[in-house]
Each structure stands twice: as C-alpha cells, then as structure tokens.
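Please look at the structure below and follow how its strands pair. The report then turns to some single residues and to a pocket.

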Amino acid sequence: MGIAIVLAILLLIVTLSGIGAYIVIHHSHRERETEGISKIAVSGKYAAVLRPIADSLASAKPSKAELEVWLNLQGIDSEQKSSLMEKWQNSLNETVKTISEGDMNGTTTYRIDLGPKDKKICDFLHKDHFFTRDQINKNAEILPPYCLGSDSKVVPKHAEETGGWKSIVPKDGNYGVPNWQQIV
C-alpha cells in the first residue's frame, strides 16, 4: 500500500509538472506573439502595416479620366493634353517607385525636391521640411504631382543629412496642398 501511495504522489507530481510546463510555455509563446504585433503596429517601419503607396495615391490624386475631362474643358489641344497627362503619370510612377524602394530599405522620412514650377504654388513646404511614411500613409496628397505640369520629386531624407528638420504639419486638419486643377 505504501508503494501505491508513493507512485500516486509521483504520478501526481509528474502530471502537475507537465501541466505547469505547458502553461508556462504556452503563455510565453502567446506573449511573444503579442509583443511582435505591438512592435509592428507601433513601428511604421514594416511594410506589412503600410498601405501600398499606389493605393494611397490612387485615392488621393485624380484619376486619368478626371484629368482628361478637366483638360477637355480647358480647350487645350490634344498634343499639349497628351504631354501634360504623360508628365502627370511619369511623376506618379516616380513617386510610387521612390516610396516603394524606401519601404523595402526601411526609409521612414522623405522630403520634396521642389522644381522651379512648383516653387510658386507649394507654400505648404518650407525650406527644411520633411514628412514621415506614416504621414504619407494617412495623407498621400502631400506627395507630387500637385497639379498638371508639376515638376517636384519626392526623395528620401536620411538622418545623416545636414540641414534642418522641420516637420510638415497640417493647419486645421489640412496640409494646404495646391488644387490639382491648374496648369503650371
């Protein structure tokens, strides 16, 4: 009878140890999963939480059809219209390429290299401006092209760059981006 009690106690100890180990391992695994999720959600560095830039721009910029309708109403000849549409599309493609490459490389800050035409209309950009990938994710309208004939480009802004760091900040919830319905 004494051996049966000792065996029962040993069996109970082994069973409880196994249950305890399972709980600790399972809880630890769940904790690691939760930590990983919070890091990704907070970071902004992981492309998994970023909306694809092409989608962001598609919702923030006018479509090709909208551009064409507006240009037709302006009485512009077909050659000039084609040229403006091509410049618009090339600018969009370059912006998508730059931001997509930045997503792959972990770039989180950008600036706009203003072209001579856009300097006249882009009052919302100051000399030492920068914006984050998170701002782009929420407000893709801050990216070029701004209007037809726009000649600005988005470029990465790296930490080692000299010069100021002044964030683009919305005023009353608006960034003050020029209306696209103009030709520069």
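Threonine 109 stands opposite threonine 132 in β2, and tyrosine 110 stands opposite phenylalanine 131 of that strand. These pairs belong to β1 (residues 109-113) and β2 (residues 129-132), two antiparallel strands joined by two bridges. The model is a predicted one, in which local features need pLDDT of at least 70 and side-chain atom pairs count only at pLDDT 80 or more, while totals for chains, interfaces and linings use all residues. Residues are numbered from 1 along each chain as its sequence is written, and side-chain values use heavy atoms, with hydrogens and water left out.

Strands and helices here are DSSP runs numbered from the N terminus: at least two residues of type E for a strand, at least four of type H or I for a helix. Two strands pair if DSSP finds at least two bridges between them. Strands of a sheet pair through backbone hydrogen bonds, either parallel or antiparallel.

The strand pairs of this protein are listed in the table.

| Strands | Sense | Bridges | One residue pair |
|---|---|---|---|
| β1 and β2 | antiparallel | two | threonine 109 and threonine 132 |
| β1 and β3 | antiparallel | four | arginine 111 and valine 155 |
| β2 and β4 | parallel | two | histidine 129 and lysine 166 |

Together the four strands form an open sheet with mixed pairing, in the order β3-β1-β2-β4. β3 and β4 are at the edges and have a single partner strand each, so one side of each has no neighbour in the sheet.

The whole protein has five helices and four strands. Along the sequence, they follow the pattern α-α-α-α-β-β-α-β-β. Of its 184 residues, 30% count as buried, where buried means under 20% relative accessible area, exposed means over 50%, and partly exposed lies in between (1.4 Å probe, protein chains only). A contact means heavy atoms within 4.5 Å. Among contacts with a separation of 6 or more, 75% are between residues 24 or more positions apart.

Serine 152 lies in the loop between α5 (133-138) and β3 (153-156). Is serine 152 buried or exposed? Serine 152 is buried, at 4% relative accessibility. Its side chain makes a polar contact with the side chain of aspartate 118 at 2.6 Å, and also reaches the backbone nitrogen of glycine 115 at 3.4 Å. A polar contact is a pair of N or O atoms within 3.5 Å; within protein, one must be able to donate a hydrogen and the other to accept it, and residues adjacent in sequence count only if both atoms are side-chain atoms. Leaving aside residues up to four places away in sequence, the residues that serine 152 touches include Ser91, Ile112, Pro144 and Tyr146.

Serine 59, in helix α2, counts as exposed at 52% relative accessibility. The side chain of serine 59 reaches the backbone oxygen of serine 56 at 3.0 Å. Serine 59 and glutamate 141 are 82 residues apart along the chain, and their C-alpha atoms are separated by 8.9 Å.

How many disulfides does the structure hold? The structure holds zero disulfides, a disulfide being a pair of cysteine sulfur atoms within 2.5 Å. The sulfur of cysteine 122 has its closest cysteine sulfur in cysteine 147, at 7.2 Å, which is too far for a bond. Cysteine 122 is buried at 3% relative accessibility, and cysteine 147 is buried at 0%.

The last topic is empty space. Rolling a probe the size of a water molecule over the atoms shows where empty space is left. On a 1 Å grid over the protein atoms alone, a pocket is an open set of points where a 1.4 Å probe fits, with protein on both sides within 12 Å along at least five of seven lines, and lining residues have an atom within 4 Å of a point. Grid points are joined across faces, edges and corners, and a volume is the space filled by probe spheres set on the points. The largest pocket holds about 230 Å³ of space. It is lined by 14 residues, and those nearest its centre are Pro62, Lys64, Trp88, Gln89 and Leu92. The elements giving two or more residues to this lining are α2 (53-60), α3 (64-73) and α4 (78-105). The largest share, six residues, comes from α4.
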